[in-house]
Amino acid sequence: MSVKQVEMVLAPREPHYVGDGFRVHNFIPSGYGLTMQRMDPFIFLDYASKFHFTPSPSKAKGVGVHPHRGFETVTIAYQGSVAHHDSGGGGGVISKGDVQWMTAASGVLHKEYHSEEFSKTGGDFQMVQLWVNLPAKDKMSTPKYQAISNAQIPKIKVPNNGGEVEVIAGNYEGHTGAATTFSPIHMLNAKLNKEGEASFIFPPNFNTGLLVIEGSVMVNGIEAVPLDHFALFANAGEIFTVKATEDSIVLILSGDPLNEPIASHGPFVMNTRQEIMQAFEDYEQGKFGVLED
Ligand code: MN
């Protein structure tokens with residue numbers, strides 16, 4: 001097996017606000033070279049780095065009702081908690097360690113706010129939101145929702161008391177993740193103690209990257225990846241190692257590229273421009289359902 005090398009390390013871009021509750025750094029698709037195609041099927045990544053919100057008890061901060069079609073949104077909570085509602089009746093609160101996996105597919109309306117409890121107390125807030133593209137044949141399938149509590153996520157020990165790897169989706173060392181996916185995807189949280197080291201094996205052609213959520217790591221013994229930075233791997237080689245230079249949390253993504261045309265506009269990601277126009281038309285005609293602000 002040959003080593004999968006780091007192709008580049010990206011610093012976080014200047015943050016911007018999504019609504020008034022999500023202060024995010026966009027890595028995909030606006031990161032240097034991190035186009036939708038380059039990280040396909042991970043077509044969008046907003047990272048809310050750790051940020052302290054003061055209490056806002058009278059009005060929860062967040063983002064109001066908006067549509068999605070053609071992909072899945074995955075929200076991973078590292079600090080703080082988010083309440084979510086969608087037009088399919090799905091919803092709930094996800095807190096530290098939990099994952100919300102929403103398959104928008106043919107279309108949903110949803111809204112995302114700081115939870116009532118978090119709004120009362122304020123505190124540190126840190127999340128990742130990913131969009132996972134759907135294969136063309138599944139883009140118009142029925143929406144669904146996977147609420148994944150931290151307790152449901154398999155945790156695999158790292159040797160020498162080095163920490164653990166949470167398997168959100170896909171698999172790690174033969175252990176299958178909590179989420180079901182439409183195409184081959186691995187999504188892992190490596191929670192490593194200082195000096196803890198884990199190795200990861202993915203097919204050479206899988207688009208692969210990692211984001212340092214806490215601490216800092218050394219990849220393959222040579223590439224330092226600091227806090228809040230994203231490392232993109234080359235599409236060659238299979239194995240890489242991640243060693244924590246301090247207590248660290250690292251989100252690891254690897255997916256089989258769909259290699260289908262991408263037509264994207266705002267909250268819709270389809271395969272053709274015609275399908276995007278149709279999405280706008282269906283949205284305007286109320287075909288995404290109803291959700292109150
Ligand atoms: Mn959304």
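This report describes the metal site, one open sheet and several backbone features of a predicted model.

The manganese ion is held by three histidine nitrogens: NE2 of H66, NE2 of H68 and NE2 of H110 coordinate the ion at 2.1 to 2.2 Å. Along the chain, these donors follow the spacing H-x1-H-x41-H. Both H66 and H68 are buried.

An open sheet of 7 strands runs in the order β2-β3-β4-β11-β6-β9-β12, and its pairing is antiparallel. At its edges lie β2 (16-18) and β12 (144-148), each of which pairs on one side only. On average, neighbouring strands of this sheet are turned by 25° against each other, direction ignored. Within the sheet, β3 (residues 22-28) and β4 (residues 42-53) form an antiparallel pair over 3 bridges. N26 stands opposite D46 in β4.

Two cis peptide bonds occur in loops around α1. The bond joining I28 and P29 is cis, with omega about 10°, and P29 belongs to the loop between β3 and α1 (36-39). The bond joining D40 and P41 is also cis, with omega about 10°; P41 belongs to the loop between α1 and β4.

Positive phi values are found at two residues that are not glycine, as tabulated below.

| Residue | Phi | Loop | Relative accessibility |
|---|---|---|---|
| E195 | about 75° | between β17 (185-192) and β18 (197-201) | 49% |
| D228 | about 65° | between β21 (223-225) and β22 (230-233) | 16% |

E195 is partly exposed, whereas D228 counts as buried because its relative accessibility is 16%, under the 20% cut-off.

Notes:
Residues numbered from 1 in each chain as written. Predicted model: local features only at pLDDT ≥ 70, side-chain atom pairs only at ≥ 80, totals over all residues. Heavy atoms only, no water. Donors = N, O, S within 2.8 Å, 3.2 Å for Na, K, Ca; no water. Buried < 20%, exposed > 50% of the residue type's maximum accessible area, 1.4 Å probe, protein only. Pairing = 2+ DSSP bridges. Helix = DSSP H or I, 4+ residues; strand = E, 2+ residues; numbered from the N terminus. Axes fitted to C-alpha atoms, helices over the stretch in contact; angles between N-to-C directions.
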